[in-house]
Amino acid sequence: MNIAVKPVSPDRLPELLRRMPKAELHIHIEGSLEPDLIFALAQRNSVAIPYASVDELRRAYAFTNLQSFLDIYYAGASVLLHEQDFYDMARAYLARAAMDNVAHTEIFFDPQTHTARGVKMDTVINGLHCACVDAQAELNISASLILCFLRHLSETEAFETLEQALPHRDKFIGVGLDSSELGHPPEKFARVFARCRELGLHLVAHAGEEGPPAYIWTALDILKVERIDHGVQSSKDAALMQRLARDRIPLTVCPLSNLKLCVFPQLADHNIGALLEAGLVATINSDDPAYFGGYMNENFLQTFAATGLAAQHAYQLACNSFEASFIEPGAKRRYLDQVNEVFASFD
Ligand SMILES: [Zn+2]
């Protein structure tokens with residue numbers, strides 16, 4: 001049930017954005033590794049990283065292009081060796097998300113980044129899963145895992161990854177597709193997604209971040225995904241916009257990531273407002289928050305400040321985030337009641 005949203009003055013809007021309950025549906029857990037945790041894990045595991053101090057590492061986070069981002073991203077991942085490391089990484093993200101009033105999160109993980117280094121699938125999934133279970137009890141945040149295939153690798157490798165993960169089928173709710181988009185269209189993974197669909201897994205895919213609207217069409221029609229990650233290029237295709245609106249296919253949009261990777265020249269140019277006005281189930285998310293300049297609330301605050309979105313957009317985004325999630329209908333209704341409560345009592 002939607003409520004009538006009262007106007008909120010610009011100086012009070014940030015407080016409303018912080019306070020409203022929200023779901024995060026596009027977060028790569030490896031992209032939440034902060035410099036101090038990388039440094040602590042490097043020391044704990046005696047892994048050599050090419051940075052002498054936390055400060056030097058932090059300065060390297062001011063990367064200037066894709067290659068310098070990837071250098072630091074892989075240096076970061078290299079310190080993750082044991083179940084406890086994966087637990088600590090997820091725990092740190094979940095604690096941070098809870099501070100932003102994220103009530104529910106669906107977390108991407110990239111097993112191939114770790115299995116390629118000789119880390120076992122069991123180590124990755126068990127560590128992440130334990131952190132999700134504990135977060136429910138200790139941080140009052142619900143969390144599920146979505147296994148992502150790296151699309152620059154082959155479909156055969158994706159099948160191998162799926163095989164390794166299936167003994168843990170109860171610990172993840174779906175599969176996704178991430179990494180470099182251009183040149184790796186969704187249809188490259190048609191057979192492995194068909195298999196995942198038979199297994200009853202939820203399906204999502206990155207599409208239309210840098211890639212063309214055609215990738216969104218094939219993600220929908222060939223992979224049969226339920227959500228599109230990013231999808232901001234859909235505004236270039238009117239028929240696609242109608243399809244997304246009609247079928248209520250959510251888009252997990254990540255404004256600060258788009259800014260950092262120059263998908264939009266400045267935040268003021270972002271099309272999140274246009275997507276909402278067109279009736280799409282658009283949501284705001286953080287993507288790789290340690291690298292792209294902020295967690296959930298920072299994405300909301302900067303986007304609203306730059307684009308002039310107002311309280312009714314905040315309400316729509318909060319409702320959309322729970323509608324777009326894979327939680328069961330009863331829980332969805334309870335979260336939406338909490339959103340309504342916050343907006344009704346805010347003044
Ligand atoms: Zn992403």
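These are my notebook entries on one protein chain, taken from a predicted model.

**Entry 1: the whole chain**

I started with the overall picture. The secondary structure of the protein chain comes to 17 helices and eight strands. Next I looked up the box that holds the C-alpha atoms, and along the principal axes it is roughly 55 × 45 × 40 Å.

Then I checked the radius of gyration. A compact globule with 347 residues would have a value near 20 Å, and the protein chain has 19 Å, so the two agree. I also noted that 46% of the 347 residues are buried. For contacts with a separation of 6 or more, 75% join residues 24 or more positions apart.

**Entry 2: strand β4**

I picked β4, which covers residues 174-178. How many of its residues are buried? I found five of five, so I wrote the strand down as mostly covered, using the rule that 20 or more other C-beta atoms within 10 Å make a residue buried.

It helped me to recall that side chains in a regular strand alternate between the two faces of the sheet. In β4, I listed G174, G176 and D178 on one side. On the other side I listed V175 and L177. Both faces of β4 are covered.

**Entry 3: the neighbours of β4**

Which strands pair with β4? I looked at β3 (residues 142-150) and saw that it pairs with β4 in the parallel sense over five bridges. One bridge I followed by hand goes from L150 to D178 in β4. To get from β3 to β4, the chain passes through helix α8 (residues 155-165), and this β-α-β crossover is right-handed.

I then turned to β5. It pairs with β4 in the parallel sense too, over two bridges. Here V175 has L203 of β5 as its bridge partner. Helix α9 (residues 190-198) joins β4 and β5 in a β-α-β unit, and this unit is right-handed.

**Entry 4: residue E209**

I followed the chain past β5 (202-207) and came to E209, which is in the loop between β5 and α10 (213-221). I looked this residue up in UniProt, where an unreviewed entry lists E209 for "active site".

Is E209 buried or exposed? I found 22 C-beta neighbours inside 10 Å, and because the cut-off for buried is 20 or more, E209 counts as buried.

Last, I asked which residues E209 touches, leaving out those up to four places away in sequence. My list reads E181, H230, V232 and V263.

Definitions and conventions:
Residues numbered from 1 in each chain as written. Predicted model: local features only at pLDDT ≥ 70, side-chain atom pairs only at ≥ 80, totals over all residues. UniProt positions renumbered as here; feature names shortened; annotations may be inferred. Helix = DSSP H or I, 4+ residues; strand = E, 2+ residues; numbered from the N terminus. Buried ≥ 20, exposed ≤ 12 C-beta atoms within 10 Å, placed from the backbone. Contact = placed C-beta atoms within 7 Å. Pairing = 2+ DSSP bridges. Right-handed = clockwise from strand over helix to strand, strands pointing away. Rg over C-alpha atoms; globule rule 2.2 N^0.38 Å.
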